[in-house]
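This report describes the internal packing of the structure shown below. It takes up the enclosed space, then the helices, then individual residues.

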Amino acid sequence: MNSRNNYPLYVKWMDTVPWIMARTERFPKNLRYSLAQKIDNTCLEILELIVQAIYSQAKRDILQRINLKLDVLRALLQMAFKLQRLSESQYEYISRELLESGKMVGGWLKSA
């Protein structure tokens, strides 16, 4: 049985999700049940897919779905930035984290 902590993407995502959720919980009420909830749900869907990929024999399809979800999350966070819910430094930080996560998925895809 594989330990999830042996997977760098899992470890990274377990650090990234709380950071994102700490920002979305501060969104105003008019965005909390739309944009914030969508961002949070997408983060959790990615986490779920990462766990599925760890245990699955057919990793390629799951990893491609993670890539798609990361792209959706990038767009949602860009919208949050445009709506001034993320500062420029927060947006730059999370963009780098998502880029690094995407590279990890790409590396995992190559080895799958």
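A cavity is here a set of grid points where a 1.4 Å probe fits but cannot get out, and its volume is the space filled by probe spheres set on those points. The model examined is a predicted one.

**The enclosed space**

With a threshold of 30 Å³ or more, the count is 1 cavity. The largest cavity holds about 30 Å³ of space. Its lining is made up of Trp19, Ile20, Arg23, Thr24, Phe27, Leu77, Leu86 and Ile94. Sorted by class, these lining residues comprise 6 nonpolar, 1 polar and 1 charged. Helix H1, residues 8–24, supplies the largest share of the lining, with 4 residues.

**Helices H1 and H3**

Helix H1 has 17 residues, and its end C-alpha atoms are 24 Å apart, in agreement with the 24 Å expected at 1.5 Å a residue. The buried residues of H1 are Leu9, Tyr10, Lys12, Trp13, Thr16, Val17, Trp19, Ile20, Arg23 and Thr24. These buried residues pack against H2, H3 and H4.

Helix H3 runs from residue 59 to residue 82 and has 24 residues. From its first C-alpha to its last, H3 reaches 35 Å, close to the expected 34 Å. Buried positions in H3 are Lys59, Ile62, Leu63, Ile66, Leu70, Leu73, Leu76, Leu77 and Ala80. The cover over the buried residues of H3 includes H1, helix H2 (29–55) and helix H4 (88–111). Leu77 appears both among the buried residues of H3 and in the lining of the largest cavity.

**Residues within the helices**

Threonine 16 belongs to helix H1. Its relative accessibility is 3%, so threonine 16 counts as buried, the cut-off being under 20%. When residues up to four places away in sequence are not counted, threonine 16 touches Ile94 and Glu97. Ile94 is also one of the residues that line the largest cavity.

Isoleucine 50 is placed in helix H2. Its relative accessible area is 0%, and isoleucine 50 is therefore buried. Leaving aside neighbours within four places in sequence, isoleucine 50 is in contact with Leu9, Tyr10, Trp13, Ile66 and Trp108. Among these partners, Leu9, Tyr10 and Trp13 are buried residues of H1, while Ile66 is a buried residue of H3. Isoleucine 50 and valine 105 are separated by 55 residues in sequence, and their C-alpha atoms are 9.3 Å apart in space.

Arginine 32 also has its place in helix H2. A relative accessible area of 32% makes arginine 32 partly exposed, because this class covers values between 20% and 50%. Apart from residues up to four places away in sequence, arginine 32 touches Glu25, Phe27 and Gln37. Phe27 is in turn one of the cavity-lining residues. From C-alpha to C-alpha, arginine 32 and serine 95 are 21 Å apart, with their positions 63 residues apart in sequence.

Serine 89 lies in helix H4. Its relative accessibility is 52%, so serine 89 counts as exposed, the cut-off being over 50%. The side chains of serine 89 and serine 87 are joined by a polar contact of 3.2 Å.

**Residues in the loops**

Serine 56 is in the loop between H2 and H3. With a relative accessible area of 18%, serine 56 is buried. A polar atom of the serine 56 side chain lies 3.0 Å from the backbone nitrogen of alanine 58.

Glutamine 84 is found in the loop between H3 and H4, and it follows H3. Its phi is near 60°, a positive value in a residue other than glycine. At 66% relative accessibility, glutamine 84 counts as exposed.

**Accessibility of the residues discussed**

| Residue | Relative accessible area | Class |
|---|---|---|
| Isoleucine 50 | 0% | buried |
| Threonine 16 | 3% | buried |
| Serine 56 | 18% | buried |
| Arginine 32 | 32% | partly exposed |
| Serine 89 | 52% | exposed |
| Glutamine 84 | 66% | exposed |

Definitions and conventions
Residues are numbered from 1 along each chain as its sequence is written. This is a predicted model: local features need pLDDT of at least 70, side-chain atom pairs count only at pLDDT 80 or more; totals for chains, interfaces and linings use all residues. Side-chain values use heavy atoms; hydrogens and water are left out. On a 1 Å grid over the protein atoms alone, a cavity is a set of points where a 1.4 Å probe fits but cannot get out, and a pocket is an open set with protein on both sides within 12 Å along at least five of seven lines; lining residues have an atom within 4 Å of a point. Helices (H or I, at least four residues) and strands (E, at least two) are DSSP runs, numbered from the N terminus. Ala, Val, Leu, Ile, Met, Phe, Trp, Tyr, Cys and Pro count as nonpolar, Asp, Glu, Lys and Arg as charged, and the others, Gly among them, as polar. The expected span of a helix is 1.5 Å times one less than its number of residues. Buried means under 20% relative accessible area, exposed over 50%, partly exposed in between (1.4 Å probe, protein chains only). Contact means heavy atoms within 4.5 Å. A polar contact is a pair of N or O atoms within 3.5 Å; within protein, one must be able to donate a hydrogen and the other to accept it, and residues adjacent in sequence count only if both atoms are side-chain atoms.
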